[in-house]
Amino acid sequence: SWDAMEEGALVGALRVTASFRDIRGKTGKPGVYTLRYGLQPQNGDHLGAAPNREFLLLSPAAVDADAKPLGFDGTVALAKQTTGTSHPASLSIDPPSATDAPLTTYTTDPELKGVVFQVGKLKFGLILNGRIEH
């Protein structure tokens, strides 16, 4: 489960061939990005902002040179460079129905569109289309 994942752990990489928007609607450019595990802060500023606390933060691969977990602050600092804003570029992790097969697409109740992925025994959805307001 994601519970065993250290915050800021390198999860993978992603090549994007066109401009994209993250879960908050911020624009990123084509390129190669690292994906690091992050948790939404529980400081009151983000209350009700997203249905789940788990995210993959996108950082330009050219500036993310160390595979070790970076923790919250290190991961957020790198992911802010993706959009050039004060908020990190992020994709929302969404626990899909246990019956959904990998690479199945789905739509959540607030009209977010996701894809199911499976890595080993870990199955999860990743919201790739839609926006949360905060």
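Where is the place of Leu103? Select Leu103 first: its place is in the loop between strand 6 and strand 7. The model on screen is a predicted one. Leu103 is exposed, with a relative accessible area of 64%. Its phi is near 70°, a positive value in a residue other than glycine. Most residues other than glycine have a negative phi.

**The sheet**

Now show the strands. Seven of them form an open sheet, in the order 1-4-5-6-9-8-7, and the pairing is antiparallel. Select residues 10–16 for strand 1 and 105–107 for strand 7. These two stand at the edges, each with a single partner strand, so one side of each is left without a neighbour in the sheet. On average, neighbouring strands of this sheet are turned by 35° against each other, direction ignored.

**Strand 5 and its partners**

Select residues 54–60, which make up strand 5. On one side, strand 5 pairs with strand 4 in the antiparallel sense, over seven bridges. To see a point along this pairing, pick Gly38, which stands opposite Phe55 in strand 5. Then select residues 90–94, strand 6, which pairs with strand 5 in the antiparallel sense over three bridges. Here Leu57 stands opposite Ser90 in strand 6.

Next, colour strand 5 by burial. Seven of its seven residues are buried, so strand 5 is largely enclosed by the rest of the structure. In a regular strand the side chains alternate between the two faces of the sheet. Both faces of strand 5 are covered: one side carries Glu54, Leu56, Leu58 and Pro60, the other Phe55, Leu57 and Ser59, and all are buried.

**Leu58**

Which residues does Leu58 touch, not counting residues up to four places away in sequence? Select Leu58, found in strand 5, and show what surrounds it. The residues it touches are Leu14, Phe20, Tyr33, Thr34, Leu35, Ala79, Thr82, Ala89, Ser90 and Leu91, with residues up to four places away in sequence not counted. At 1% relative accessibility, Leu58 counts as buried. Add Gly12 to the selection: Leu58 and Gly12 are 46 residues apart in sequence, and their C-alpha atoms are 9.8 Å apart in space.

**Helix 1**

Move to residues 71–83, helix 1. This helix packs on the sheet, touching strand 4 (31–39) and strand 5, and its direction makes about 55° with that of strand 5. Select Thr75, Val76, Leu78, Ala79, Thr82 and Thr83 to see the buried residues of helix 1. An α-helix has 3.6 residues a turn, so residues three or four places apart point the same way. The cover over the buried residues of helix 1 includes strand 2, strand 3, strand 4 and strand 5. Step past the end of the helix to Gly84, which lies just after helix 1 and takes a positive phi of about 70°.

**Salt bridges**

How many salt bridges does the count come to? The count comes to two salt bridges.

For one of them, select Asp64 and Arg36, whose side chains meet at 2.8 Å, N to O. Asp64 lies in the loop between strand 5 and helix 1 and Arg36 in strand 4, so the pair ties together parts that are 28 residues apart in sequence. Are these two residues buried or exposed? Asp64 is buried, with a relative accessible area of 9%. Arg36 counts as buried too, at 0% relative accessibility.

Then select Lys68 and Asp66. Lys68 forms a salt bridge with Asp66, and the closest N and O atoms are 3.8 Å apart. Lys68 counts as partly exposed, at 48% relative accessibility. Asp66 is partly exposed as well, with a relative accessible area of 39%.

**Asp22**

The last stop is Asp22, in the loop between strand 2 (20–21) and strand 3 (27–28). Which side chain of opposite charge is nearest to Asp22? It is that of Arg24, 6.4 Å away; Asp22 is buried yet has no salt bridge. A salt bridge needs the side-chain nitrogen within 4 Å of a carboxyl oxygen, so a distance beyond that cut-off does not count. Now show the backbone of Arg24: its nitrogen lies 2.9 Å from a polar atom of the side chain of Asp22. To finish, select Pro88, Ala89, Ser90 and Gly130, which Asp22 touches, not counting residues up to four places away in sequence.

Terms used:
Residues are numbered from 1 along each chain as its sequence is written. This is a predicted model: local features need pLDDT of at least 70, side-chain atom pairs count only at pLDDT 80 or more; totals for chains, interfaces and linings use all residues. Side-chain values use heavy atoms; hydrogens and water are left out. Two strands pair if DSSP finds at least two bridges between them. Helices (H or I, at least four residues) and strands (E, at least two) are DSSP runs, numbered from the N terminus. Axes are lines fitted to C-alpha atoms, for helices over the stretch in contact, and angles run from 0 to 180 degrees between N-to-C directions. Contact means heavy atoms within 4.5 Å. Buried means under 20% relative accessible area, exposed over 50%, partly exposed in between (1.4 Å probe, protein chains only). Lys and Arg count as positive and Asp and Glu as negative; His and the chain ends are not counted. A polar contact is a pair of N or O atoms within 3.5 Å; within protein, one must be able to donate a hydrogen and the other to accept it, and residues adjacent in sequence count only if both atoms are side-chain atoms.
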